[in-house]
Amino acid sequence: TLQKGLDELNNTLNARLYDRAGNIIAQIPIRELLQTLQERNDIYAIALDGVITQRLMDLAAQKKIKYIYASRANISKKPDNIVVYTKEQGYF
């Protein structure tokens, strides 16, 4: 589901937020992603047409998000409890 979502988001600069069942909760512009994550507590996974930043990773860990799929990542540390997938690097 997340891989398909990532492919569908290609060149949109949007992010999709998913619940535990894999349902899309919302599709939002990436520029609104951090604010939306701060406001919500029901997000299980994220697919985004953009770069995973350390700030996003830290907030995702705080919000107990389990999966992040993105085009690329630019992070220095990854929490063990988050599965990260990028088009460039695969899973890490």
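Just after helix α3 comes lysine 64, a residue whose phi is positive, near 60°. The model described here is a predicted one, and this spot at the end of α3 is a convenient place to start a tour of it. Next to it in sequence, lysine 63 sits in the loop that runs between α3 (54-62) and β4 (67-74). Lysine 63 is buried and yet has no salt bridge. The nearest side chain of opposite charge belongs to aspartate 42, and it is 8.5 Å away. Because a salt bridge requires the nitrogen and the carboxyl oxygen to be within 4 Å, that separation of 8.5 Å leaves lysine 63 without such a partner. Apart from neighbours within four places in sequence, the residues in contact with lysine 63 are Leu37, Gln38, Arg40 and Asn41.

Helix α3 itself lies across three strands, β3, β4 and β5 (83-86), and runs at about 150° to β3. Its buried residues are Gln54, Leu56, Met57, Leu59 and Ala60. These buried residues pack against α2 (33-39) as well as against β3, β4 and β5.

The strands beneath this description belong to an open sheet. Six strands take part, in the order β2-β1-β3-β4-β5-β6, and their pairing is mixed. At the edges are β2 (24-29) and β6 (90-91), each of which pairs on one side only.

Strand β1 deserves a closer look. It is mostly covered, with 5 of its 5 residues buried. Asn14, Arg16 and Tyr18 point one way from β1, whereas Ala15 and Leu17 point the other way. On one side, β1 pairs with β2 in the antiparallel sense over 5 bridges, and tyrosine 18 stands opposite isoleucine 24 in β2. The two strands form a hairpin with 5 residues between them. In the turn of this hairpin, glycine 22 has a positive phi of about 90°. Strand β1 (residues 14-18) is also joined to β3 (residues 45-53), by 4 bridges, and these two strands likewise run antiparallel. Across this pairing, alanine 15 stands opposite leucine 48 in β3, and arginine 16 stands opposite alanine 47 in β3.

Several of these residues meet again in the nonpolar interior. The largest nonpolar core has 20 residues, of which Leu17, Leu33, Leu37, Ile46, Leu48, Ile52 and Ile68 touch the most other members. Two or more residues come from each of β1, β2, α2, β3, α3 and β4. The largest share, 4 residues, comes from α3. Leucine 33 shows how the core is knitted together: leaving aside neighbours within four places in sequence, it is in contact with Ala15, Leu17, Ile28, Ile46, Leu48 and Leu56. A second, separate core is made of 9 residues, including Leu2, Leu9, Tyr44 and Ala45.

Charged side chains complete the picture. Side chains of opposite charge can pair when their charged atoms come close. The structure holds 3 salt bridges. Lys4, Glu8 and Arg16 are linked in a network of such bridges. Lysine 4 and glutamate 8 both lie in helix α1 (residues 2-8), 4 residues apart, which is about one turn of the helix. Their closest N and O atoms are 3.8 Å apart. Glutamate 8 also forms a salt bridge with arginine 16, and here the closest N and O atoms are 2.6 Å apart. The members of this network are covered to varying degrees. Lysine 4 counts as exposed because its relative accessibility is 56%. Glutamate 8 is partly exposed, with a relative accessible area of 40%. Arginine 16, at 11% relative accessibility, counts as buried.

Another salt bridge brings together the side chains of arginine 40 and aspartate 42, with an N to O distance of 2.8 Å. Arginine 40 counts as partly exposed at 27% relative accessibility, and aspartate 42 also counts as partly exposed, at 38%. Both residues also feature in the surroundings of lysine 63: Arg40 is among its contacts, and aspartate 42 is its nearest side chain of opposite charge.

How values were computed
Residues are numbered from 1 along each chain as its sequence is written. This is a predicted model: local features need pLDDT of at least 70, side-chain atom pairs count only at pLDDT 80 or more; totals for chains, interfaces and linings use all residues. Side-chain values use heavy atoms; hydrogens and water are left out. Buried means under 20% relative accessible area, exposed over 50%, partly exposed in between (1.4 Å probe, protein chains only). Lys and Arg count as positive and Asp and Glu as negative; His and the chain ends are not counted. Contact means heavy atoms within 4.5 Å. Two strands pair if DSSP finds at least two bridges between them. Axes are lines fitted to C-alpha atoms, for helices over the stretch in contact, and angles run from 0 to 180 degrees between N-to-C directions. A nonpolar core is a set of buried Ala, Val, Leu, Ile, Met, Phe, Trp, Tyr and Cys residues joined through side-chain atoms within 4.5 Å.
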